[in-house]
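Colleague: Could you take me through one part of this model closely, namely the second largest pocket, and then set it against the rest of the chain? I would like a connected account rather than a list.

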Amino acid sequence: MGSRLAIPLDDDELMVLQEETGFSKSQIRDLYERFLSLSKDGGESIRRADLIRLSELKSNPLGSRIVEAFFKDACSDNETMDFSQFVKSAAVFKPQRKLRPDSALNSRESKMKFIFNIYDLDGNSSISHEEMGSLLRMLVGSEVTDETISQIAERAVIEGDEDNDGYVNFEDFKMALGKIEAENLISIRFLD
């Protein structure tokens, strides 16, 4: 086994990143190795196309939407992210621990917001009947008729629309998820 790569952060930056994400120094080092394996520019940044190469995303019918949500709030240009941004974005997938407080990036609220962003295709902070139908189509492919997809989508929006405005906003979405355990909401293996 070779020597481990040095993380391109000074000790203070690494400590802040640990506090913000809840990852240990060892986990951040493992994430750096994953980041380098995804990066096409020698470790400076990753692009959307780099991230979609993860087998967990490549085989997921919502893989492109997950990548979109991963990049949405992480980077200013919405196209590339550096290592610190990658670690902060990956924190939402970190399992929550009962004996240790969660970081804000790993909170149940952050996990729900991430999932909401997958459903909110146009980024207007609400999920419409059409967006729900588009996502259902991605999930089931051509095996189900458009009429059936439309009926399911309409029913899902009606059931999730707590304020009866015809859309599911983030507050409606949180109520619909109710008491589902946060660790059951999302999971992608970034660390082996």
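**The second largest pocket and its setting**

Modeller: The second largest pocket holds about 320 Å³ of space. Its lining is made up of 14 residues, and those closest to the centre of the pocket are Asp-73, Ala-74, Lys-88, Ser-89 and Leu-105. Three elements each give two or more residues to this lining, namely helix H5 (63-72), helix H6 (83-90) and helix H7 (108-119), and of the lining the largest share, four residues, comes from H7. In chemical character, the lining of the second largest pocket divides into six nonpolar, four polar and four charged residues.

All of this should be read with the origin of the coordinates in mind, since the model is predicted. The pLDDT of the chain averages 85, and 86% of the residues score at least 70. Among the elements of the chain, confidence is highest in S3, at 97, and lowest in helix H4 (residues 55-58), where the mean is 83.

As for the wider frame, the chain contains 10 helices and four strands, which follow one another along the sequence in the pattern α-α-β-α-α-α-β-α-α-β-α-α-β-α. Of the 192 residues in the chain, 41% are buried, while the accessible surface comes to about 10900 Å², with 50% of that area belonging to carbon and sulfur atoms. If one takes the contacts between residues at least 6 apart in sequence, 55% of them join residues at least 24 apart.

Two residues show how such a picture looks locally. Ser-126 lies in strand S3, which spans residues 126-127, and Ser-126 counts as buried because its relative accessibility, 11%, falls under the 20% cut-off. Apart from its neighbours within four places in sequence, Ser-126 is in contact with Phe-116, Asp-120 and Glu-131, and also with Tyr-167, Val-168 and Asn-169.

Leu-136, for its part, belongs to helix H8, residues 129-140, and with a relative accessibility of 19% Leu-136 also counts as buried, because this value is still under 20%. Once neighbours within four places in sequence are set aside, the contacts of Leu-136 are with Ile-149, Ile-152 and Ala-153. A separate C-alpha to C-alpha distance relates Leu-136 to Pro-61: the two are 75 residues apart in sequence and 10.0 Å apart in space.

How values were computed: Residues numbered from 1 in each chain as written. Predicted model: local features only at pLDDT ≥ 70, side-chain atom pairs only at ≥ 80, totals over all residues. Heavy atoms only, no water. 1 Å grid on protein atoms, 1.4 Å probe; cavity = no way out; pocket = protein on both sides within 12 Å on 5 of 7 lines; lining within 4 Å. Points joined across faces, edges and corners; volume = space filled by probe spheres on them. Nonpolar A, V, L, I, M, F, W, Y, C, P; charged D, E, K, R; others polar. Buried < 20%, exposed > 50% of the residue type's maximum accessible area, 1.4 Å probe, protein only. Contact = heavy atoms within 4.5 Å. Areas by Shrake-Rupley, 256 points an atom, 1.4 Å probe, with all protein chains shown as cover. pLDDT = per-residue confidence, 0-100.
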